[in-house]
Amino acid sequence: MIELSLSELAEETIVDFIRNFSNGKKVVVGLSGGIDSSLVLYLLVKAIGKENVIGVHLPEKTTNPKDTEDVKKIASINGIDLIIEYLDDYIQPFKKNIKDIRILGNVKARLRMVYLYSISNSIGGLVSGTSNKSELLTGYFTKYGDGAADFYPIGDLYKTQVRLFAKKIGIPEEIINKIPTAGLWENQTDEGELGISYDDLDKILYGIEQLYDDFKIHEETNIPIEKIKYVRNLVDKSKHKRNIYIPKIGIRTVGLDWRE
């Protein structure tokens, strides 16, 4: 039976990683009011101190006001400086020529990252990503948008583990229990877009990580084979988001066999 748990060393490992990677620099992080960015904020503050973390919330006028309230609450709990900037004016020029809400969603994600980097560059800092392992493996992020940060503190934690972690450290229940959404258009939800619940998704992904075949994952989870194949396809077709593709000419090639 596949059941995901949280390593007792997870917090210490991530905090040490942030402290070493940031190397004395300040860190900018986008805050949505959701569980992922709230957990990342907690870890950043624990690793490098509240004075070295800048939170940024970039809503639209149509954004649920509860999200902004939650951002203010989590920023206050952690004692950080918070910047709130509405993106409507930045997005408006794109709306003239782009009618597809999914394409506009990608534009919004990229504009948000441009804004985060403008702040980071001005202080010589870094941008922290907030994507989890479930999102990174399935490609549920925007290339050069939320997938463009300098480092990802919870990038090796499945969504299921993020929830366990959040409960362990006392993130407010209303944030933990919110329906996950990127907030890119009205009524958009993570699980709706992914086409599968996070509970099932994470069990399948963990099975894939363990190199189980589809039948072994089915035996361990009782999840239908069709769903398992669907998730495998998500992982496969999104690999372009996780890799750099360069034709090999030299002895060692960036993104292939040049090890950093």
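Buried means under 20% relative accessible area, exposed means over 50%, and partly exposed lies in between, with a 1.4 Å probe and protein chains only. By that rule K241, at 25% relative accessibility, counts as partly exposed. This is a predicted model, in which local features need pLDDT of at least 70, side-chain atom pairs count only at pLDDT 80 or more, and totals for chains, interfaces and linings use all residues. Residues are numbered from 1 along each chain as its sequence is written, and side-chain values use heavy atoms, with hydrogens and water left out.

Start with the whole fold. The protein has 12 helices and 4 strands. These are DSSP runs numbered from the N terminus: helices are H or I with at least four residues, strands are E with at least two. The C-alpha atoms fill a box of roughly 50 × 45 × 45 Å along the principal axes. The radius of gyration is 19 Å, which agrees with the value near 18 Å for a compact globule of 260 residues. That radius is taken over C-alpha atoms, and the globule rule is 2.2 Å times the number of residues to the power 0.38.

Next come burial and surface. Of the 260 residues, 47% are buried. The accessible surface comes to about 14,000 Å², and carbon and sulfur atoms hold 53% of that surface. Areas come from the Shrake-Rupley method with a 1.4 Å probe; for residues, only the protein chains shown count as cover.

Contacts show how the chain folds back on itself. A contact means heavy atoms within 4.5 Å. Among contacts between residues at least 6 apart in sequence, 72% join residues at least 24 apart.

Single residues give examples. G124 sits in the loop between α5 (101–123) and β4. G124 is partly exposed, at 43% relative accessible area. Its C-alpha lies 7.1 Å from that of K25, although the two are 99 residues apart in sequence. E173 belongs to helix α8. With a relative accessible area of 45%, E173 is partly exposed. The C-alpha atoms of E173 and I35 are separated by 9.6 Å, with their positions 138 residues apart along the chain.

Where does S131 lie? The loop between β4 (126–128) and α6 (133–138) holds S131. S131 is buried, at 2% relative accessibility. Leaving aside neighbours within four places in sequence, S131 is in contact with L136, F141, D146, Y152, I154 and G155.

F141 leads on to K241. K241 is found in the segment after α12. Not counting residues up to four places away in sequence, K241 touches G139, F141 and K143. The C-alpha atoms of K241 and F141 are separated by 8.6 Å, yet the residues are 100 apart along the chain.

Now the charges. There are 35 positive and 38 negative side chains, and the centres of the two sets lie 4 Å apart. Lys and Arg count as positive, Asp and Glu as negative; His and the chain ends are not counted. Each charge is placed at NZ of Lys, CZ of Arg, CG of Asp or CD of Glu.

Side chains of opposite charge can pair when their charged atoms come close. A salt bridge here is a side-chain nitrogen of Lys or Arg within 4 Å of a carboxyl oxygen of Asp or Glu. How many salt bridges does a search of the whole structure find? The search finds 18.

Take K178 and D70. Their side chains meet in a salt bridge at 3.1 Å, N to O. The pair links distant parts of the chain: K178 is in the loop between α8 (173–176) and α9 (190–194), D70 is in helix α3 (residues 65–78), and they are 108 residues apart. K178 is partly exposed, at 23% relative accessible area, whereas D70 is buried, at 1%. Both residues belong to a salt-bridge network with K66 and D67.

Helix α10 takes part in two further pairs. R163 and D199 form a salt bridge at 3.6 Å, N to O. This pair also links distant parts: R163 is in helix α7 (residues 159–169), D199 is in helix α10 (residues 198–209), and 36 residues set them apart. R163 is partly exposed at 23% relative accessibility, and D199 is partly exposed at 43%.

The other pair is D200 with K227, a salt bridge at 3.4 Å, N to O. D200 lies in helix α10 and K227 in helix α12 (residues 225–237), so the pair ties together parts 27 residues apart in sequence. K227 is partly exposed, with a relative accessible area of 33%.
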